[in-house]
Amino acid sequence: MKRTVILLTLFLAATAATQARTNQISLISQPESLTVREGSFVFTGSTRVNVRDQSLDKAASLFTSFISDNYELDIRTGGGKTQVRLLHDSGMGDEEYSLSVTASGITVKGGEAGVFYGLQTLQQLVRYEGTRVTAPCVEINDRPRFAHRGFMLDCGRYFFPVEYIKGFIDLMSRYKYNRFHWHLTEDGGGRIEIKKYPELTRVGAWRNSTQKSRDVKDQDRIPHGGFYTQEQIRDIVRYAADRHITVMPEIDLPGHTMAVLAAYPGLSCTGGPFKVPVEWGIKEDVLCAGNESVYAFVEDVLAEVIDLFPGQYIHIGGDEAPKKRWQACPKCQAKIKAEGLSDEHGLQSYFVRRVEKYVNSRGRRIVGWDEIRQGGLSPTATVMGWSGVDAGREAARMGNDVIMSTKWYAYFDYTQGADPAIEPNDFPRLLPLENAYAFDPAV
């Protein structure tokens, strides 16, 4: 009995020590399984990254650059006494990986994307231990819980240069995001070069001022604008692909199109004229859903967008499209009657379905904000549930794929704290970090 108690005590002590070591490992995202061992691997100038599959060459190069840039230690690919071995295992899922760190070597094994993610985990483990560059001995097995792990950057409301976009993608890859949702058009500016419609960027990419706070009169009076050329977009798409990130463009339709209407006012219900707005808020003027030339315009634009972005999804917006102009528009009312639609919500559904038919004809699928449910929804459309958890759940119950992006948990432009002295623009909605961490999209 006494020996049993001693053994149990030793077991509990060992368990506590293992738990303590595990608690010292901080990883984002948390892996499926993590075991911490005694000891560490030491990186030296003779450390080599051994690659047996050419498909992993880019991942190896990015890892050696990370060590060099952050720790001023020159490690290379090839043979050597101490190795970081990268193994492509076709029996594992593409994004699945295992990471084994021992004192004598490191092995990362998995699918092509999985090996890249394993190296991202390894990068989080690397640290200075005195003057040495080390990684703790661990055994990690991991695979993603969700197929779509996205982050959106809104470049429509505010333009960000190419180098900023690449830095943003670097951060996404560090934490194993795999979808860059690139919001390229807005009321406040259009950021994508469309060859057939040059006014979209010559006029629509620029505004005279920017609203600084909730007060519409609080303007900086500084002209703002910019856009991405098609060659720049191709470069960014390639850059993201090297990091196993697919770029999903958002082209807002039929609302949030004031920049479009400033360039081509004939696409509106009233004929304009319009300016790219300098103030926040939902605008009454939208694309005229009763005008056949609008559909030709949309297809022309989407044709160039689809050629630029090889990913499966094209985001068409669909949110916050007021119906006031459609109610007063003879063309829209004639379209409602001709198509046997119930009302303006039915007209929005008709618009979305027609756009989706074209996108599908090009071998792609649409994504839209949860307002695309208005008036009826195609079963093949993917819904981004932003307005609340219930919106996403309802779309899922209807059988649609859903990307949960609920504002109360996932909108990082909300304030993290209640002190207006340290929060930009005194935004009225609060999203503490613990709320974002607590969000479970599947619950």
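Three elements, β15, α7 (258-263) and α8, each supply at least two residues of the lining of the largest cavity in this structure. The model is a predicted one. Helix α8 gives the most to this lining, with 4 residues.

The lining of the largest cavity has 15 residues in total. Nearest the centre of the cavity lie Thr 185, Leu 200, Ile 251, Val 260 and Val 301. By class, 11 lining residues of the largest cavity are nonpolar, 2 are polar and 2 are charged. The volume of the largest cavity is about 160 Å³. How many cavities of 30 Å³ or more does the structure hold? The count is 1.

**The sheet beside α8**

Strand β15 also belongs to an open sheet of 7 strands. The order is β9-β10-β15-β16-β17-β18-β19, and the pairing is parallel. Which strands stand at the edges? They are β9 (150-154) and β19 (402-404). Each has a single partner strand, so one side of each is left without a neighbour in the sheet. On average, neighbouring strands of this sheet are turned by 25° against each other, direction ignored.

Helix α8 (residues 292-308) packs on the sheet. Its contacts there are with β15 (246-253) and β16 (313-317). The direction of α8 makes about 170° with that of β15. Thus α8 touches β15 in the sheet, and both elements supply residues of the cavity lining.

At the β19 edge, the partner is β18 (residues 382-385). Strands β18 and β19 pair in the parallel sense over 3 bridges. Here Met 384 stands opposite Ile 403 in β19.

**The second largest pocket**

A separate set of helices appears in the lining of the second largest pocket: α2 (57-71), α3 (112-125) and α4 (162-174) each supply at least two residues. The largest share, 5 residues, comes from α2. Which residues lie nearest the centre of this pocket? They are Leu 62, Phe 66, Gln 123, Asp 170 and Ser 173. By class, the pocket lining has 4 nonpolar, 5 polar and 4 charged residues.

The table sets out the cavity and the pocket by volume and lining.

| Space | Property | Value |
|---|---|---|
| Largest cavity | Volume | about 160 Å³ |
| Largest cavity | Lining | 15 residues |
| Largest cavity | Share from α8 | 4 residues |
| Second largest pocket | Volume | about 260 Å³ |
| Second largest pocket | Lining | 13 residues |
| Second largest pocket | Share from α2 | 5 residues |

Note on methods:
Residues are numbered from 1 along each chain as its sequence is written. This is a predicted model: local features need pLDDT of at least 70, side-chain atom pairs count only at pLDDT 80 or more; totals for chains, interfaces and linings use all residues. Side-chain values use heavy atoms; hydrogens and water are left out. On a 1 Å grid over the protein atoms alone, a cavity is a set of points where a 1.4 Å probe fits but cannot get out, and a pocket is an open set with protein on both sides within 12 Å along at least five of seven lines; lining residues have an atom within 4 Å of a point. Grid points are joined across faces, edges and corners, and a volume is the space filled by probe spheres set on the points. Ala, Val, Leu, Ile, Met, Phe, Trp, Tyr, Cys and Pro count as nonpolar, Asp, Glu, Lys and Arg as charged, and the others, Gly among them, as polar. Two strands pair if DSSP finds at least two bridges between them. Axes are lines fitted to C-alpha atoms, for helices over the stretch in contact, and angles run from 0 to 180 degrees between N-to-C directions. Contact means heavy atoms within 4.5 Å.
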